[in-house]
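This report concerns the internal spaces, the ligand site and some backbone details of one protein. Please consult the sequence and the structure while reading.

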Amino acid sequence: MPVTSPVAPAAAPPAPGRPDALPQDFAALLREDPEIAGVLLAERDRQAGALQLIAAENFASPAVLAALGSPLVNKYAEGYPGARHHGGCEYADAAERVAVRRATALFGADHANVQPHSGSSAVLAAYAALLRPGDTVLAMGLPYGGHLTHGSPGNFSGRWFDFAGYGVDPETGLVDYARLRALARARRPKAIVCGSISYPRHLDYALFREIADEVGAYLIADAAHPMGLVAGGAAPNPVPYADVVCATTHKVLRGPRGGMILCGAELAGRIDRAVFPFTQGGAQMHTVAAKAVAFGEAATPAYTRYAHRVVAHARVLAAGLEAEGFAVATGGTDTHIVVADPAPLGVDGRTARERLAAAGVVLDTCALPHGEARGVRLGTAAVTTQGMDEGDMARIAALFGAAVRRSGDAEAIAAEVRELVARHPPYPG
Ligand SMILES: *Cc1c(COP(=O)(O)O)cnc(C)c1O
């Protein structure tokens with residue numbers, strides 16, 4: 001079995017007894033559209049056949065996948081429960097009310113908007129609710145893990161707002177709160193955004209709140225990455241501190257691709273109007289239903305154990321990579337994210353990623369706290385969903401060392417990766 005399937009082969013029916021990520025009526029798709037069915041089967045095999053360490057990815061449950069493929073995909077439901085622009089919304093309303101009730105309970109928020117189509121859409125709506133074009137905003141600088149929506153020149157945020165970036169201490173890799181405070185005093189921003197795509201440590205939300213209050217700024221937490229840990233009690237909750245919390249429902253949270261916004265009662269109306277009708281049209285009600293399923297799953301003791309295992313696994317992986325000679329940013333992790341610089345092994349992040357890809361390991365490169373070179377960013381959400389354990393994490397770290405250093409037989413390393421993932425199918429039959 002190849003580690004990565006190249007181009008989709010002609011459609012083959014799912015082999016009996018094989019783990020299947022496609023629980024809906026896939027037979028209809030095979031019959032009606034073998035070309036795209038073949039692509040989806042190849043993607044299923046790609047996911048199951050390699051080690052998935054992209055920090056933003058996970059395996060949604062069969063129940064989430066089933067909700068996504070449900071009849072709500074057909075329903076138009078502009079507006080909010082009880083106030084729709086279309087008829088026939090009684091079950092769309094029911095799904096959204098369940099999603100909102102579960103989200104507010106899970107995160108302890110007064111209000112939840114579960115309609116944003118993505119994390120970026122959630123951030124767009126949060127800005128639309130609180131800011132005017134031209135306003136000054138402070139966010140983590142893009143070289144330190146700020147998201148595109150935190151002022152990238154290629155993104156609406158960089159064009160419509162005046163972003164100033166704060167950073168991390170180049171030595172420790174930790175947010176430099178003293179410089180953040182000084183920057184806030186100098187720039188008097190309308191909002192401060194906290195959140196990142198690669199920061200492996202907890203943020204000090206209370207200190208962010210204090211600094212925002214000092215300068216009269218809103219605090220927007222863009223917590224797409226840690227929110228799944230928050231749901232399982234494995235990371236601090238930004239909800240009590242931030243005016244608005246934006247998040248994705250995928251990533252660690254393991255729901256469908258999508259976004260959500262949490263806020264206090266006083267901002268609820270502004271946030272809702274900023275999502276619909278200001279930045280979005282009809283909500284994707286099948287996704288809203290799938291979000292409800294994911295929130296329900298995240299409220300279980302099994303999920304709490306999962307979230308804590310995700311963090312424990314990342315710590316084992318970080319320690320293992322350090323032992324293999326990688327320089328681990330911030331010296332470790334509090335979350336599912338590990339950022340590692342392979343420079344001590346004589347290569348940069350891009351080369352490391354290529355060598356790992358050849359071994360069947362899928363991950364990202366990312367900016368490093370210091371300097372120009374790129375490192376690698378990995379996360380343990382997906383492999384933990386697959387049921388891997390701490391021993392597996394230690395083996396993965398050793399495989400990283402061998403693959404990146406090119407010590408040992410490349411085919412033997414790839415075979416070991418294949419054997420590891422074969423023992424942990426993401427969708428056991
Ligand atoms: C993932 C992420 C987003 C964007 O989510 P999309 O669904 O890809 O639009 C925004 N902000 C942060 C901090 C993220 O990690």
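## Cavities

In this predicted model, the largest cavity encloses a volume of about 170 Å³. Its lining is made up of 20 residues, and those nearest the centre are Tyr199, Arg201, Leu203, Tyr205 and Pro226. By class, 11 residues of this lining are nonpolar, 7 are polar and 2 are charged.

The structure has 3 cavities with a volume of 30 Å³ or more. Rolling a probe the size of a water molecule over the atoms reveals where empty space remains.

## The second largest pocket

The second largest pocket offers about 320 Å³ of space. It is lined by 22 residues, among which Ser120, His147, Leu148, Ile197 and Lys251 are the closest to its centre. Helix H5, residues 119-130, supplies the largest share of this lining, with 3 residues.

The lining of the second largest pocket consists of 12 polar, 6 nonpolar and 4 charged residues. This pocket is the space taken by the ligand.

## The ligand and its surroundings

The shell around the ligand is formed by Ser118, Gly119, Ser120, His147, Ser196, Ile197, Asp222, Ala224, His225, Thr248, His250 and Lys251. Within this shell, 8 residues are polar, 2 are nonpolar and 2 are charged.

Which side chains place polar atoms at 2.7 Å, 2.6 Å and 3.5 Å from the ligand? An N or O atom in the side chain of Ser120 is 2.7 Å from an oxygen atom of the ligand. For Asp222, a polar side-chain atom is found 2.6 Å from a ligand nitrogen atom. In the case of His250, an N or O atom of the side chain is 3.5 Å from an oxygen atom of the ligand. The ligand taken alone exposes 380 Å², of which the protein buries 86%.

## Backbone details

Most residues other than glycine have a negative phi, and most peptide bonds are trans. Two sites in the model are described here with that background in mind.

The peptide bond that joins Phe276 and Pro277 is cis, with an omega of about 10°. Pro277 belongs to helix H10, which spans residues 268-279.

Arg254 is a residue other than glycine with a positive phi, near 70°. Where along the chain does Arg254 lie? Arg254 is located in the loop between strand E9 (244-248) and strand E10 (259-263).

Terms used: Residues numbered from 1 in each chain as written. Predicted model: local features only at pLDDT ≥ 70, side-chain atom pairs only at ≥ 80, totals over all residues. Heavy atoms only, no water. Near = heavy atom within 4 Å. Polar contact = N/O pair within 3.5 Å; in protein donor to acceptor, adjacent residues only side chain to side chain. Areas by Shrake-Rupley, 256 points an atom, 1.4 Å probe, with all protein chains shown as cover. 1 Å grid on protein atoms, 1.4 Å probe; cavity = no way out; pocket = protein on both sides within 12 Å on 5 of 7 lines; lining within 4 Å. Sits in = over half its atoms within 2 Å of the grid points. Nonpolar A, V, L, I, M, F, W, Y, C, P; charged D, E, K, R; others polar. Points joined across faces, edges and corners; volume = space filled by probe spheres on them. Helix = DSSP H or I, 4+ residues; strand = E, 2+ residues; numbered from the N terminus.
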